[in-house]
Amino acid sequence: QEDVFREMLENSSADKDDSLHKGFIKRVLKSVWPLPSRNKHTLLHGDFWPGNTLWRNGRLAAVIDWEDAAVGDPLADLANGRLEILFQFGVEAMKDFTDQYRSLVGNMDFIHLPYWDLCAALRLSAFPEWGLDEVVEKRMRERHAFFVKQAMEELSI
């Protein structure tokens, strides 16, 4: 997982969409990368979001699409899920998901979650290339900006 993000940070290609602040996010993350390990590394899904879950009778039956699986800090999957839930369902759903996660995992250090949020924001910034309709893309841009802003505020940047 760390190698994937290191590659993303070292990618010097020009960012096509400056409104998503990719250059700024990269500079912030490069200044702290690699993050000190504070949580036990676990198996990560790598693309955890509601579209990769299957439900049966109101219960989670499976998590699919494991092509991005890796080993690393579980906060990486949490951050990705937070942003995807924000995109699909809004701020309150993201907060509820985060609260539920925190209540279920027990002894985990969340101090680096804002950095992992920025990693997720960088990773999930290609949606302008996803062919979304104008209204959906506008909503996603607004929510992406909110997500980056809240991470920066938690980091006092």
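**Backbone geometry, core packing and the setting of R143**

G106, the residue just after helix α4, takes a positive phi of about 75°. The model is a predicted one. Helix α4 itself covers residues 91-105, 15 residues in total. From its first C-alpha to its last, α4 reaches 21 Å, close to the 21 Å expected at 1.5 Å a residue.

Positive phi values also occur at two residues that are not glycine. D65 has a phi of about 65° and is placed in the loop between β3 (59-63) and β4 (70-72). S156, with a phi near 60°, belongs to the segment after α6. Most residues other than glycine have a negative phi, and most peptide bonds are trans. The relative accessible area of D65 is 31%, so this residue is classed as partly exposed. For S156 the corresponding value is 69%, and the residue is therefore exposed. A cis peptide bond is found between W33 and P34, with omega about -5°. P34 lies in the loop that runs between α2 and β1 (42-44).

The largest nonpolar core contains 35 residues, and L29, L83, W116 and L118 have the most contacts inside it. Two or more residues of this core come from each of α1 (2-10), α2 (22-30), α3 (75-89), α5 (113-123) and α6. In soluble globular proteins, nonpolar side chains tend to be buried together. Leaving aside neighbours within four places in sequence, L118 is in contact with I25, V28 and L29, and also with V148, A151, M152 and L155.

Helices α2 and α5 pack at an angle of about 145°, their axes being 10 Å apart. Residues K22, I25, K26, V28 and L29 of α2 make this contact with Y115, L118, C119, A121 and L122 of α5. The crossing of α2 past α5 is left-handed. L29 and L118, both listed among the core residues with the most contacts, thus also take part in the contact between α2 and α5.

R143 is part of helix α6, which spans residues 134-154. Its relative accessible area is 23%, a value that falls between the limits of 20% for buried and 50% for exposed, so R143 is partly exposed. Not counting residues up to four places away in sequence, R143 touches L86, F87, Q88, F89 and G90. With L86, a polar atom of the R143 side chain lies 3.0 Å from the backbone oxygen. G90 is 53 residues from R143 along the chain, yet the C-alpha atoms of the two are separated by 7.7 Å.

Key:
Residues numbered from 1 in each chain as written. Predicted model: local features only at pLDDT ≥ 70, side-chain atom pairs only at ≥ 80, totals over all residues. Heavy atoms only, no water. Helix = DSSP H or I, 4+ residues; strand = E, 2+ residues; numbered from the N terminus. Buried < 20%, exposed > 50% of the residue type's maximum accessible area, 1.4 Å probe, protein only. Contact = heavy atoms within 4.5 Å. Polar contact = N/O pair within 3.5 Å; in protein donor to acceptor, adjacent residues only side chain to side chain. Core = buried A, V, L, I, M, F, W, Y, C linked by side-chain atoms within 4.5 Å. Expected span 1.5 Å × (residues − 1). Axes fitted to C-alpha atoms, helices over the stretch in contact; angles between N-to-C directions. Left-handed = near helix turned anticlockwise from the far one by under 90°.
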